[in-house]
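Please work through the exercises below with the sequence and the structure at hand, trying each task before reading its solution.

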Amino acid sequence: MRLEQLEYLIDIVRTHSITNTAQRYFVTQQAVSNSIKQLEIEFDCLLLERSSSGVFPTRQGQEVVAFAQMVLNELKNTEERLKQINCQIEQAQKVQHIHIFSASA
């Protein structure tokens, strides 16, 4: 499972369109369809139902979308926490540098 597959799935469910998702991510419709098919193989279930009125999640698809949203939210939160930690480390390193000057008499 790749993060882009989860992003595609969430976007498809939001827009009800594989074509719109492909355009939004600057990939082919076939690439998006293949990514979803790979997820369906991995989870061993149908995630999306395609109809003339659009693309909609199955019950299993709704579960995977909820999982995908949780994973992507946790990733975003982790990235933000790491940025904060990096800032704290940089600030601490700035404080730890002591410059000693001596002048000869």
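**Exercise 1. Find the bridge partner of S51 in β2, and then describe how the two strands are arranged.**

Solution. In this predicted model, the residue of β2 that is bridged to S51 is G54. The next step is to look at the strands as wholes: β1 covers residues 48-51 and β2 covers residues 54-57, and the two run antiparallel to each other, paired over four bridges. The last step is to look at what joins them, and here we find two residues between β1 and β2, which together form a hairpin.

**Exercise 2. Determine which residues of the largest nonpolar core touch the most other members, and which elements supply this core.**

Solution. The largest nonpolar core has 19 residues, and those that touch the most other members are L9, I12, V32, I36, L39, L47 and L48. Turning to the elements, two or more residues each are given by α1 (3-15), α2 (18-24), α3 and α4 (59-96). The greatest contribution to this core is that of α1, with six residues.

A closer look at one member, I36, completes the picture. If residues up to four places away in sequence are not counted, I36 touches Q5, Y8, L9, I12, L48 and R50. Among these contacts, L9, I12 and L48 also belong to the group of core residues that touch the most other members.

**Exercise 3. Work out how D11, R14 and R24 are linked, and decide for each whether its place is buried, partly exposed or exposed.**

Solution. Begin with the pair inside one helix: R14 and D11 form a salt bridge in which the closest N and O atoms are 2.7 Å apart. These two residues are separated by about one helical turn, because they stand three residues apart in helix α1.

Now consider the second pair, in which D11 forms a salt bridge with R24, with the closest N and O atoms 3.0 Å apart. This pair links distant parts of the chain, since D11 is in helix α1 and R24 is in helix α2, 13 residues apart. Taken together, D11, R14 and R24 are linked in a network of salt bridges.

For the second part of the task, compare each relative accessibility with the cut-offs, by which a residue under 20% is buried, one over 50% is exposed, and one in between is partly exposed. D11 has 5% and is therefore buried, R14 has 55% and is therefore exposed, and R24 has 41% and is therefore partly exposed.

**Exercise 4. State how many salt bridges the structure holds, and examine the one between E4 and R2.**

Solution. The structure holds three salt bridges. In one of them the side chains of E4 and R2 meet, with a distance of 2.6 Å from N to O. E4 has a relative accessibility of 33%, so it counts as partly exposed, and R2, with a relative accessible area of 37%, is also partly exposed.

**Exercise 5. Examine F26 and D44, asking what sign phi has in each and where each residue is found.**

Solution. Although F26 is not a glycine, its phi is positive, at about 55 degrees. F26 is found in the loop between α2 and α3, where it is exposed, with a relative accessible area of 77%.

D44, which is likewise a residue other than glycine, has a positive phi near 55 degrees. D44 is found in the loop between α3 and β1, and with a relative accessible area of 68% it is exposed.

**Exercise 6. Identify the residues that form a nonpolar patch on the surface, and place F43 within the structure.**

Solution. The patch is formed by M1, F43, F67 and M70, which together have about 360 Å² of accessible area. F43 belongs to helix α3, which covers residues 29-43. With a relative accessible area of 31%, F43 is partly exposed.

**Exercise 7. Describe the surroundings of L3, using its contacts and its distance to S35.**

Solution. L3 lies in helix α1 and is partly exposed, with a relative accessible area of 39%. Once its neighbours within four places in sequence are left aside, L3 is in contact with V71, L72 and L75. Finally, L3 and S35 are 32 residues apart in sequence, while their C-alpha atoms are 10 Å apart in space.

Conventions. Residues numbered from 1 in each chain as written. Predicted model: local features only at pLDDT ≥ 70, side-chain atom pairs only at ≥ 80, totals over all residues. Heavy atoms only, no water. Pairing = 2+ DSSP bridges. Patch = residues over 30% accessible without salt bridge, like charges linked within 9 Å, V, L, I, M, F, W, Y side chains within 5 Å. Areas by Shrake-Rupley, 256 points an atom, 1.4 Å probe, with all protein chains shown as cover. Salt bridge = Lys/Arg side-chain N within 4 Å of Asp/Glu carboxyl O. Buried < 20%, exposed > 50% of the residue type's maximum accessible area, 1.4 Å probe, protein only. Core = buried A, V, L, I, M, F, W, Y, C linked by side-chain atoms within 4.5 Å. Contact = heavy atoms within 4.5 Å.
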